[in-house]
Amino acid sequence: LLAKQSLEISENQMNKTILTAPFNGVIASINFKEGRFTSPGLTVIHIIDPNSLEINVEVDEIDILKVKIGQRAIIKIDALLDLSLEGKVSSISLLPIIKTGLVMYDVKIKFDVPGDTVLKAGLSASVDIVIVE
């Protein structure tokens, strides 16, 4: 009887569990199987907002001190030569990445995607950060 009550309580709690995303988006991947447990800190679901994206770029140590949050950036997608997107610097890493002796910093550029444009994760792009206008 106690085991049956415990099972009913557990099933009731499980049925009330709802994951809510902080934005409207599309589920890009699910890294979880029903009935399994996961560890804290592991990504279970990747959700993408296809209308507002970020691109990660590496800026070398010579230029990084000129880059500020909020600066305008021009993005060109290699697969869409006629398209030029505008974004803004949204974050600058405080820690460097050392690659073959070069000191680089991760910079994130947030940008909106025009309604009729289809972009995929992983597309190659070039980014120009506007330092002076």
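Visitor: Is Glu58 buried, partly exposed or exposed?
Guide: In this predicted model, the relative accessibility of Glu58 is 36%. Buried means under 20% and exposed means over 50%, with partly exposed in between. Glu58 therefore counts as partly exposed.

Visitor: Which residue meets the side chain of Glu58 in a salt bridge?
Guide: The N to O distance of this pair is 2.8 Å, and a salt bridge requires such atoms to lie within 4 Å. The partner of Glu58 has a relative accessible area of 39% and is partly exposed. That partner is Lys99.

Visitor: How many residues apart are Glu58 and Lys99?
Guide: Glu58 belongs to strand β3, residues 52–60. Lys99 belongs to strand β6, residues 97–99. The pair links distant parts of the chain, and the two residues are 41 residues apart.

Visitor: What separates the closest N and O atoms of Asp63 and Lys66?
Guide: Asp63 is partly exposed at 31% relative accessible area, and Lys66 is partly exposed at 44%. The two residues form a salt bridge, for which the cut-off is 4 Å. Their closest N and O atoms are 3.7 Å apart.

Visitor: Which residue forms a salt bridge with Glu133?
Guide: The closest N and O atoms of the pair are 3.2 Å apart. Glu133 lies in the segment after β8 (125–129), and its partner is in strand β4 (residues 72–77), 61 residues away. Glu133 is exposed at 76%, whereas the partner is partly exposed at 23% relative accessibility. The partner is Arg72.

Visitor: Which residues are linked with Arg72 in a network of salt bridges?
Guide: The count of salt bridges comes to four. Arg72 takes part in a network of them. The residues linked with Arg72 there are Glu86 and Glu133.

Visitor: Which strand supplies the largest share of the largest nonpolar core?
Guide: This core has 20 residues, and those with the most contacts inside it are Val107, Ile109, Phe111 and Ile129. At least two core residues come from each of β3, β4, β5 (84–92) and β7 (102–112). The largest share, five residues, comes from β7.

Visitor: Which residues does Val107 touch, not counting residues up to four places away in sequence?
Guide: Val107 is among the residues with the most contacts inside the largest nonpolar core. Contact here requires heavy atoms within 4.5 Å. With residues up to four places away in sequence not counted, Val107 touches Ile55, Asn56, Val57, Val59, Ile64, Val67, Val89, Ser91, Ile92 and Ile129.

Conventions
Residues numbered from 1 in each chain as written. Predicted model: local features only at pLDDT ≥ 70, side-chain atom pairs only at ≥ 80, totals over all residues. Heavy atoms only, no water. Helix = DSSP H or I, 4+ residues; strand = E, 2+ residues; numbered from the N terminus. Buried < 20%, exposed > 50% of the residue type's maximum accessible area, 1.4 Å probe, protein only. Core = buried A, V, L, I, M, F, W, Y, C linked by side-chain atoms within 4.5 Å.
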